[in-house]
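User: Please take a close look at a single part of this structure, the last helix of the chain, and set out how that helix is joined to its surroundings.

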Amino acid sequence: MKTSKAIQKLVMLNVFLFFSVCCMAQKSIPNAKELCSKLTKMIENDQLHRSKMPSGFSDHKSSFSKTQIDSMNQLQRKIDNFNTEKLIALTQIYGWISDDRMDCKNLNVWLIFRHSQPQYFKDISVLIEKEHKANRLNAFQYQLIRDHILGRPRG
C-alpha cells in the first residue's frame with residue numbers, strides 16, 4: 001500500500017514537472033532568418049522619420065517646416081502603429097524575441113514598444129509583465145518599455 005502511494009506521488013510529480021516545463025518553454029521560431037530580416041526592417045522604419053525631426057532631447061533647429069514635421073509625425077505614427085501591432089502578435093505567439101534567441105544581432109525590438117501609442121499600452125503591459133516574470137525580457141528593456149507606458153517617470 002505504501003509503495004502504491006509513493007508511485008502515485010512520483011507520477012503526479014512527473015506530470016506536474018512535465019506541464020511546468022511545457023508551459024515555460026517558448027515556442028520555436030520558424031524561419032528565424034526571414035523574421036530577423038523583417039524585424040530589422042521594422043527597426044529601421046522605427047527611425048525613418050524620427051531621425052529627421054527635432055526632439056525634446058536636442059537643441060538643434062530643423063531644416064523642415066512645421067507642416068513638413070507634422071506630416072513626418074503622421075507618417076511615423078502609422079509606422080509605429082503597424083510595428084506595434086506586429087510585435088504584439090509575434091510576442092503573443094513566440095514570447096519575447098531577443099537578439100540571442102534568433103541569432104539576430106542588434107535587433108533592439110524593445111524600441112518598437114518604446115515608441116508605441118497609448119491605445120496599445122494595456123496589451124503591451126500584459127505582455128512585458130509576463131515575459132519579464134518568465135525571464136525572457138531583461139530588466140533594462142522591461143524598464144524602458146514600462147517607463148514609456150507609465151509616462152516616462154523621472155527619478
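Analyst: The account below starts from the chain as a whole, turns to the helix in question, and then follows its contacts outward.

The model is predicted. Its secondary structure consists of 7 helices and 0 strands, arranged along the sequence as α-α-α-α-α-α-α. The chain has 155 residues, of which 34% count as buried. Among contacts with a separation of 6 or more, 69% are between residues 24 or more positions apart. The chain exposes about 10600 Å², and carbon and sulfur atoms supply 58% of that area.

Helix α7 spans residues 139–149. At its N-terminal end, Asn-138 acts as a cap, with a side-chain oxygen 3.1 Å from the backbone nitrogen of Phe-140. Beyond the helix comes Gly-151, whose phi is positive, near 90°.

The buried residues of α7 are Gln-141, Tyr-142, Leu-144, Ile-145, Asp-147, His-148 and Ile-149. In an α-helix there are 3.6 residues a turn, so residues three or four places apart point the same way. The cover over the buried residues of α7 includes helices α5 and α6, the latter comprising residues 121–133.

The link to α6 can be followed through Ile-124. Leaving aside neighbours within four places in sequence, Ile-124 is in contact with Ile-145 and Ile-149, and also with Thr-84, Ile-88, Phe-113 and Ser-116. Ile-124 and Ile-145 both appear among the residues that touch the most other members of the largest nonpolar core, a set of 30 residues. Leu-39, Ile-97, Met-102, Phe-113 and Ile-128 are also listed there. Two or more residues of this core come from each of α2, α3, α5, α6 and α7, and α2 gives the most, with 5 residues. In soluble globular proteins, nonpolar side chains tend to be buried together.

The link to α5 includes an aromatic contact. The structure holds 2 aromatic pairs. In one of them, Trp-96 and Phe-113 are tilted, with 5.9 Å from centre to centre and 50° between the planes. This pair links distant parts of the chain, since Trp-96 lies in the loop between α3 (66–94) and α4 whereas Phe-113 belongs to helix α5, 17 residues apart. Both partners are buried: Trp-96 has a relative accessible area of 2%, and Phe-113 has one of 0%. The pair that involves α7 is formed by Trp-110 and Phe-140, which meet edge-to-face at 6.5 Å centre to centre with 70° between the planes. Here Trp-110 of helix α5 is joined to Phe-140 of helix α7, 30 residues apart. Trp-110 counts as buried at 15% relative accessibility, whereas Phe-140 counts as exposed at 59%. Phe-140 is thus the residue whose backbone nitrogen faces the Asn-138 cap and also the α7 partner of Trp-110.

A covalent link lies elsewhere in the chain. There is 1 disulfide, which joins Cys-36 to Cys-104 with an S to S distance of 1.8 Å. The link is right-handed, with 75° about the S-S bond. Cys-36 lies in helix α2 (residues 32–46) and Cys-104 in the loop between α4 (99–102) and α5 (110–114), so the pair ties together parts that are 68 residues apart in sequence. Cys-36 is buried at a relative accessible area of 16%, and Cys-104 is likewise buried at 2%.

In summary, α7 is capped by Asn-138, has α5 and α6 among the elements that cover its buried residues, and contributes two or more residues to the largest nonpolar core.

Note on methods: Residues numbered from 1 in each chain as written. Predicted model: local features only at pLDDT ≥ 70, side-chain atom pairs only at ≥ 80, totals over all residues. Heavy atoms only, no water. Disulfide = S-S within 2.5 Å. Helix = DSSP H or I, 4+ residues; strand = E, 2+ residues; numbered from the N terminus. Buried < 20%, exposed > 50% of the residue type's maximum accessible area, 1.4 Å probe, protein only. Contact = heavy atoms within 4.5 Å. Polar contact = N/O pair within 3.5 Å; in protein donor to acceptor, adjacent residues only side chain to side chain. Phe/Tyr/Trp six-rings, centres within 6.5 Å; stacked < 30°, edge-to-face > 60°. Core = buried A, V, L, I, M, F, W, Y, C linked by side-chain atoms within 4.5 Å. Areas by Shrake-Rupley, 256 points an atom, 1.4 Å probe, with all protein chains shown as cover.
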